Amino acid sequence: NLLADPTGDVAVLDAAIEGALKEIKNMPAELLRSAPAPAAPAAAPRPPAPKPTEPINAAVLDKMAAIAEEFLGELAGDIFQNQLADHKLNKDRLIRDGVMKFCYALQKDASMIIGPSAAKQMADKMMLLLK
């Protein structure tokens, strides 16, 4: 089990988990045999998460703008452009981590206008574009 702050960096969490798994694999076999058996069968391995530095197609921003407009109406354009400027996103070199932070900032701004649950729905819909 892993508990983390929701604002924690996914790349850092992935690195910590990978490091722990490497340490477990390098443990002497007798230590592993004496460990209690897991309570439930292990889950199927997850596909690797996209790397935070993986490039993102610039068309994603247009789709995100459409989602913002769906939730925020005529205010979407100004909020979207303000956050683009604040985050200094380079449309020619979009990186997944930067776009995720941009989405969370949009969610924060939108929550003041449309409420937290609707803003979360908007951000979740945008995050699906990054998978």
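Which helices do the buried residues of helix 4 pack against? In this predicted model, the partners are helix 3 and helix 5.

Helix 4 makes a good starting point for a tour. Its 12 residues reach 16 Å from the first C-alpha to the last, close to the 16 Å expected at 1.5 Å a residue. Ala76, Ile79, Phe80, Gln83 and Leu84 are the buried residues of helix 4. Seen down the helix axis, these buried residues fall within an arc of 135°, so they line one face of helix 4. The pattern fits a familiar rule: an α-helix has 3.6 residues a turn, so residues three or four places apart point the same way. On the other side of helix 4, Asp78, Ala85 and Asp86 are exposed. Beyond the helix comes Lys88, with a positive phi near 50°.

Phe80 leads from helix 4 into the interior. Leaving aside residues up to four places away in sequence, Phe80 touches Leu61, Met64, Ala65, Ala68, Phe102 and Leu106. Phe80 also belongs to the largest nonpolar core, which has 24 residues. Along with Phe80, the residues with the most contacts inside this core are Leu61, Met64, Phe102, Met122, Met126 and Leu130. Helices 3, 4, 5 and 6 each supply at least two residues of the core.

Helix 6 rounds out the picture. Its 13 residues, 116-128, should span 18 Å at 1.5 Å a residue, and its end C-alpha atoms are indeed 18 Å apart. Buried here are Ala118, Ala119, Met122, Ala123, Met126 and Met127. Helix 3 and helix 5 are among the elements that cover these buried residues.

Notes
Residues are numbered from 1 along each chain as its sequence is written. This is a predicted model: local features need pLDDT of at least 70, side-chain atom pairs count only at pLDDT 80 or more; totals for chains, interfaces and linings use all residues. Side-chain values use heavy atoms; hydrogens and water are left out. Helices (H or I, at least four residues) and strands (E, at least two) are DSSP runs, numbered from the N terminus. The expected span of a helix is 1.5 Å times one less than its number of residues. Buried means under 20% relative accessible area, exposed over 50%, partly exposed in between (1.4 Å probe, protein chains only). Contact means heavy atoms within 4.5 Å. A nonpolar core is a set of buried Ala, Val, Leu, Ile, Met, Phe, Trp, Tyr and Cys residues joined through side-chain atoms within 4.5 Å. The arc is that of the directions from the helix axis to the C-beta atoms.
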